[in-house]
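Student: Please take a close look at a single part of this model, the open sheet and what packs on it. A word on one buried residue elsewhere would also help.

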Amino acid sequence: MKIRSIRAVQASFPEPSASGTEKKEYRTAPRPSWMESGPVANPMTRYPRYAAYRPSWTPTWGGFGCLVEAENGSWGFATASHGRPVAAVIDDYLGPRLLGESCLATEKCYDMMVRMGAPHGAAGLHSYAVSAIDLALWDLKGKLLRRPVYELLGGPARDELFCYSTGGDTDWYMELGFRATKLPCPYGPADGLEGLRKNVELVAGTRELVGDEVELMLDCWMAFDLEYAVRLGEELRPCKLKWMEEVLRSEELDAHAELRRRLPWQTLATGEHWYTTAPFQQAASRFLVDILQPDINWVGGLTALVKICAIAEAAGISVIPHGGGNTPYGQHACYAMPAIPWTECFVGSAPGVPPGQAARMPGAAIPKEGRMKPSDAPGFGVEVTLDQLSPFDYGSSGR
C-alpha cells in the first residue's frame, strides 16, 4: 500500500464532556490555575519585559495536524506544533518527497526525512515536521493492520502507566491521587538571593505538604547558568528531590558535563528540547544525565523515540518522555517501551476541574489515581473524523 498524499490540516475537536465518574465533587476550593500567574523561570528571565510570563515571548504559531492518506483511502492523523513554518516544511518539502513510498515503511520514511534536513539542519522546526509525519504514518500503519500502535511495538511492557503530575497546584494533584509531582521553578539567576530563597522555600514547603511518600521533582526550563544550578542544587539537597530537570540550555553539553561533576549525588534529567537522536547518544555515552526526556511530537516521532530508548537501555539509564501522558502518541510509547518507567501528565486546568472535563486530545486516556492505560483502538486511537479536518490556512494560522 503506497502513500497517496501528505498534507497539513486544521483540526476542530469537540469540547470534552464529563462521564459519570468524573462528576465527583472534589474538596479543593475552586481557584485559578497556576498557569494564570507567574513567574516561571525561563531563558529570558534576565530581561524584565519578558521575565514575568513565559508566553510573552514564546512563539505564537498555532497547533495544527498532519494527514497521511493511503491509496485505498485509509488515513492516519497526528497533531503538530509551530503552525506555518512547520506546515510549510510538510507541504512544500517533506510530504511531496514521500509520495509513493510504502505506508508501512516507517523506518525508511523516517530516515529519508532526517537526511532531507541536511541542507538546513535536521533539528528544530524540521524535527517538528518529521515528528508529525512519522506519527501520522504510525497511526495509518495501526489502522491498516487493525492493531493499536503499542501492539506494533511489541505489546504492553507493563499492566498500566504510573503517572506523575506537572504543575503548581500540588494540593490538587494530591487529591487526584498522584504519588509523584513536579514543580515549575519560579525564579532564576536574575532574581538574585531573594529569588534563590523563594525557590528553596517553595520546594521545602512542597516537600512538607506531600510528605516523604510522594516523589518530588523540579523543572527549571533552561533558566539557569552553571553556578546558579550548583548553588540551588546544594540548597535543595535536604528536600530529597527525585530529579532536577532541564537546568541548563539544551545546547550546553559541556556545561551539562560540569554540572554532573559538581552535583554527583543529584539525579539530573533533560532532553525535551533535543532534536533527532544525536544529542541523546552524546548525553548517554558521556553519562551527562540520568533520565532522557524526548518529546515524541518534537524529537522526530515514534521512530526516533524507539531509537532513543535503545540508546538509554544500552547505557543503563531511563527515558521519561516530556508530556508523555498528555497525548495518545506518548501514551502508546510509554505503555510499550520497557525503558520508560513513568509517564508525565502536565496539568494546566484549574483546581476543582476533573481531568475528564479539561481540554485534551479526543481519544487520550485520563489518569485516575495516578494510573492509566492507552486506548486499544487501531492506530493511536485518536477520535477524529475527516469531517473535522480542513486544509491548513496559511493566511491566518499561527498569528
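Tutor: The sheet comes next, then the residue. This is a predicted model, in which local features need pLDDT of at least 70 and side-chain atom pairs count only at pLDDT 80 or more, while totals for chains, interfaces and linings use all residues. Residues are numbered from 1 along each chain as its sequence is written, and side-chain values use heavy atoms, with hydrogens and water left out.

The open sheet has four strands in the order 3-2-1-13, with antiparallel pairing. Strands here are DSSP runs of E, at least two residues, and helices are runs of H or I, at least four residues, both numbered from the N terminus; two strands pair if DSSP finds at least two bridges between them. Strand 3 (75–80) and strand 13 (389–391) are the edge strands, each pairing on one side only. On average, neighbouring strands of the sheet are turned by 40° against each other, direction ignored. Strand 1 (residues 3–11) and strand 2 (residues 64–70) run antiparallel and are joined by six bridges; Ser5 stands opposite Glu69 in strand 2. Helix 4 (residues 125–145) packs on the sheet and touches strand 1, strand 2 and strand 3. The direction of helix 4 makes about 150° with that of strand 3 (axes are lines fitted to C-alpha atoms, for helices over the stretch in contact, and angles run from 0 to 180 degrees between N-to-C directions). Touching, or contact, means heavy atoms within 4.5 Å.

The residue is Thr181, in strand 5 (residues 180–184). Thr181 is buried, with a relative accessible area of 0% (buried means under 20%, exposed over 50%, partly exposed in between, with a 1.4 Å probe and protein chains only). Leaving aside neighbours within four places in sequence, the contacts of Thr181 include Tyr164, Tyr173 and Leu216.
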